[in-house]
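Colleague: I should be grateful for a close look at a single part of this model, together with whatever surrounds it. Please explain each term as it arises.

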Amino acid sequence: MPFNRPAFLQAVFAPRADERVLVLVDQRTDNCPDHPDWQARRAMAPAWGQVLAALGADYLGMLTYPATGANNGDLPAHGLLHGRPVAMAQSLAAADLVLALTEYSATAPLLAAIRASGGRLRAASLPGVLPRMETTALTVDVPRLARRVAYLRAALDQAVGAQLVFSTGHQVYFDLRHRQAHGDDGRL
C-alpha cells in the first residue's frame, strides 16, 4: 500500500484551520558536515508543510537554522524564514504546531517552547526521519497502534511478572509488581 502523506499527517497531527504550522530544518555547518540522508530529510520538509497547508492549516513556512551539533542542544537565537532572519523564540511562540525534520533532535528545546506557550503549542521532533520511512515505519495504522498499546498497557498493569524466552533458549524474567505501565503510542 503506498504511503498517503495527507492521511498520515491528518491522523497524527489533525491540523485545524485556525492553527499556524511551522516546519523546522537544521542546516549543515562547518562542524556538522552534510550527508545524503540529511539532504533527503531537508527535501522532505517543504512537502510535509505543503500537505499540512492543503489540510487547512495556516502554513507559516520552513524555518531553517544552523545545526546545533548535538541532540537536544539549545536552538540558536535566530534562523531564516522565507530567506529573512527571524528570532527563533518569537517564531516558535507564533506557531501552534511545529514539526522538526532535523539531523539533531530538537525535543528538549521544543518541550521548553511548549511549556512557554502554556501547553498551547504542539510539536514533533523527527530527527533522522527519511523518505524511505514513508514506505515502512510511517505507514503504521495510527489508530490501530493506539488500540494495541492501550491493550498491552492494561495487560501489563494486571500482570505480576513476565518471562521472555529468546530463540537461543535464553530466558529473562521481569518482576512487574509495584509499578504502573505507561503506553507510548507516539503521542505525548
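Modeller: Helices (H or I, at least four residues) and strands (E, at least two) are DSSP runs, numbered from the N terminus, and two strands pair if DSSP finds at least two bridges between them. The model is predicted, so that local features need pLDDT of at least 70 and side-chain atom pairs count only at pLDDT 80 or more, while totals for chains, interfaces and linings use all residues. Residues are numbered from 1 along each chain as its sequence is written, and side-chain values use heavy atoms, leaving out hydrogens and water.

I shall take the sheet as the part to examine. It is open and has six strands, arranged in the order β4-β3-β2-β1-β5-β6 with mixed pairing. At its edges stand β4 (84-87) and β6 (122-125), each of which pairs on one side only. On average, neighbouring strands are turned by 30° against each other, direction ignored; such angles run from 0 to 180 degrees between N-to-C directions, along axes fitted as lines to C-alpha atoms, for helices over the stretch in contact.

Within the sheet, β1 (residues 20-27) runs parallel to β2 (residues 58-66), and eight bridges join the two. One of the partnerships is that of Val-21 with Tyr-59 in β2. Strand β1 is mostly covered, six of its eight residues being buried, that is, under 20% relative accessible area with a 1.4 Å probe and protein chains only, where over 50% is exposed and the range in between partly exposed.

Two helices deserve attention here. Helix α2 (36-54) has 19 residues and spans 28 Å from first C-alpha to last, close to the 27 Å expected, a figure obtained as 1.5 Å times one less than the number of residues. The buried residues of α2, including Trp-38, Met-44 and Trp-48, pack against α1, β1, β2 and β5. After this helix comes Gly-56, with a positive phi near 115°.

Helix α4 (residues 107-116) lies across β1, β5 (97-100) and β6, and runs at about 180° to β6. Its buried residues are Pro-109, Leu-110 and Ala-113. Because they cover an arc of only 100° around the axis, they sit on the same side of α4; the arc is that of the directions from the helix axis to the C-beta atoms. These residues pack against β1, α3 (88-94), β5 and β6. Just after α4, Gly-118 has a positive phi of about 75°.

The interior can be described through its nonpolar cores, each a set of buried Ala, Val, Leu, Ile, Met, Phe, Trp, Tyr and Cys residues joined through side-chain atoms within 4.5 Å. In the largest core, of 20 residues, Leu-9, Trp-48, Leu-99 and Leu-101 touch the most other members. At least two residues come from each of α1 (5-13), β1, α2 and β5, and α2 gives the most, with five. Beyond its neighbours within four places in sequence, Trp-48 has contacts (heavy atoms within 4.5 Å) that include Phe-8, Leu-9, Leu-99, Leu-101 and Leu-138. A second, separate core of 16 residues includes Leu-81 and Leu-92, as well as Leu-110 and Ala-113, two of the buried residues of α4.

Elsewhere, β7 (residues 161-165) and β8 (residues 171-175) run antiparallel and are joined by five bridges, Gly-161 having Asp-175 of β8 as its bridge partner. They form a hairpin with five residues between them, and Gly-169 in the turn has a positive phi of about 95°.
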